[in-house]
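Work through the exercises below with the sequence and coordinates open. Each task is followed by a solution in steps.

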Amino acid sequence: MPMPQMPPAHPFDDDKLREECGIFGVVGVKDASNFVALGLHALQHRGQEAGGIVTHDSVEGFQSARRFGYVRDNFTSQDVMSTLPGPIGIGHVRYSTAGSKGQTAIRDVQPFFGEFAMGGAAIAHNGNITNANALRRELIERGSIFQSSSDSECIIHLMARSLQRNIPERMEDALRRVEGAFSVVAMTRTKLIGVRDPLGVRPLVLGKVGDGYALSSETCALDIIGAEFLREIEPGEMVVITDKGVESHFPFRRQSSKFCIFEHVYFSRPDSILGGRSVYETREAIGRELANENPVEADLVCPVPDSGTPAAIGYSLQSGIPYAMGIIRNQYMGRTFIEPTEQIRNMGVRLKLNVNRALIQGKRVILVDDSVVRGTTSRKIKEMILDAGASEVHFRIASPPTAWPCFYGVDTPERDKLLAATMTEDQMAEHLAVDSLKFISLDGLYRAVGQDQGRNSKCPQYCDACFSGEYPVVPADMVERGFEMKSAAE
């Protein structure tokens, strides 16, 4: 059988799946915008394209600032922060999934704001609405005027059309119409609101900061502001927080949880806590499981930095093969280093990663990475390791093969660009020209995240659609465009 050809990819493409965004909100503190900016800085790994903050002050009313680029470059100057007064605020950092990828207009940058009969509200959303196209068509036919290309704007319009008495009830009303994944942080003049979809696909946590409260995508952003982590918002839960405290209720029909398993593998920061488990410890456990399932004789275990590091440590501890930093990351690689001329383009990955030649020479090396998406970076790293004099290169991957796109808030290439969608494991090893390539099994991944019996095939404990092709919510918009779901035979 001839080897399938992969389409060429840009060498600056670091070949990772990208979480769509991070959300953060705080209420009951002096200068809320400073807390929000710090929280967003800690969530920068979840979105580096743009960010926005909305606050409310009793004198100034609602104020907002939206900017392209990093939080540190936009929300640290006193000039900007002084325009965002008040004791309540929410913020958002994003990559584009829905909307125009890579060509985002400033109007697509969240949080979104709307004035309603009972006052204004702002909303920031992490996830993806899988029936957004159908909702948008219906809303436009009924007279709604959209300002952005973002699926999240549908929520504001649905709230505007709701007949409920207050904003939290209108939000409930709106979110009942929405399909897909949504963790939402919203605010009115006096209330901070947090909601997770009934499946709990994307994360959301609650913290206490002084006399106030914070909502965040991850616990690491609570740490940065000195907040105490109270608990995760539960799947299908809505919390409404005022100066009187936290009210909680469950507006949606209860369903079995389907938290994104890739949050454990890659998206979340290793110093965060997910489901009561340290992300770092889970990734180390993944490495141990990988070593049990896929042993190989070698001299060194090297991570592909930085996301492969905890799994590589686990692999080393379990296998007894020494751990070494065979690849060093250049921490100061900016997003726009220099104009990528052909000569620079050919340097590709070397701008970001460099091989520790003295360690590698003459060694049989196990490279541990979190995932293989298109395989473009894996191939370059392998070439760099061989150029440095390694005698063998073995890849061990801390997730199962990524064979299906995500429609729940992750920027995934189309299916035919995913290496695992068109090749078997052996073909991938041949394509990457490595001595061996092995992935953790889906059951092994489940064991590593705390499911001792592995994956429940009748009702999986997590959303693992990117590996299994089993989507917990039918991606209606994509099916309408021709996306073919996995058949029963597969």
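Helices here are DSSP runs of H or I with at least four residues, numbered from the N terminus. The model is predicted.

**Exercise 1.** Locate Glu-383 in the secondary structure and classify its exposure.

Solution. Step 1: Glu-383 belongs to helix H13, which covers residues 376–387. Step 2: the relative accessible area of Glu-383 is 38%. Step 3: buried requires a value under 20% and exposed a value over 50%, with partly exposed in between. Glu-383, at 38%, is therefore partly exposed. Step 4: for a distance check, take the C-alpha atoms of Glu-383 and Val-393; they are 9.4 Å apart, and the two residues are separated by 10 residues along the chain.

**Exercise 2.** Determine whether Asn-294 is buried or exposed, and list its contacts beyond four places in sequence.

Solution. Step 1: Asn-294 sits in the loop that runs between helix H9 (279–293) and strand S18 (300–303). Step 2: its relative accessibility is 12%. The cut-off for buried is under 20%, so Asn-294 counts as buried. Step 3: with neighbours within four places in sequence set aside, Asn-294 contacts Tyr-315, Arg-396, Lys-438, Phe-439 and Ile-440.

**Exercise 3.** Decide how far helix H6 is enclosed, and find the residue that caps its N-terminal end.

Solution. Step 1: H6 spans residues 167–176, and 7 of these 10 residues are buried. Step 2: the buried residues are Ile-167, Pro-168, Arg-170, Met-171, Glu-172, Ala-174 and Leu-175. Step 3: because 7 of its 10 residues are buried, H6 is largely enclosed by the rest of the structure. Step 4: the N-terminal cap is Asn-166, with a side-chain oxygen 2.9 Å from the backbone nitrogen of Glu-169.

**Exercise 4.** Assess the overall form of the protein chain.

Solution. Step 1: count the elements; the protein chain has 18 helices and 25 strands. Step 2: compare the radius of gyration, 23 Å, with the 23 Å that the globule rule gives for 490 residues; the two are close, so the protein chain is as compact as a globular protein of that length. Step 3: the C-alpha trace spans about 70 × 55 × 45 Å along its principal axes. Step 4: 57% of the 490 residues count as buried. Step 5: among contacts with a separation of 6 or more, 69% join residues 24 or more positions apart.

**Exercise 5.** Describe the surface and charges of the protein chain.

Solution. Step 1: the exposed area is about 20,500 Å², of which carbon and sulfur atoms supply 48%. Step 2: there are 53 positive and 62 negative side chains, and the centres of the two sets lie 2 Å apart.

How values were computed: Residues are numbered from 1 along each chain as its sequence is written. This is a predicted model: local features need pLDDT of at least 70, side-chain atom pairs count only at pLDDT 80 or more; totals for chains, interfaces and linings use all residues. Side-chain values use heavy atoms; hydrogens and water are left out. Helices (H or I, at least four residues) and strands (E, at least two) are DSSP runs, numbered from the N terminus. The radius of gyration is taken over C-alpha atoms; the globule rule is 2.2 Å times the number of residues to the power 0.38. Buried means under 20% relative accessible area, exposed over 50%, partly exposed in between (1.4 Å probe, protein chains only). Contact means heavy atoms within 4.5 Å. Accessible areas come from the Shrake-Rupley method with a 1.4 Å probe; for residues, only the protein chains shown count as cover. Lys and Arg count as positive and Asp and Glu as negative; His and the chain ends are not counted. The place of a charge is taken as NZ of Lys, CZ of Arg, CG of Asp or CD of Glu. A polar contact is a pair of N or O atoms within 3.5 Å; within protein, one must be able to donate a hydrogen and the other to accept it, and residues adjacent in sequence count only if both atoms are side-chain atoms.
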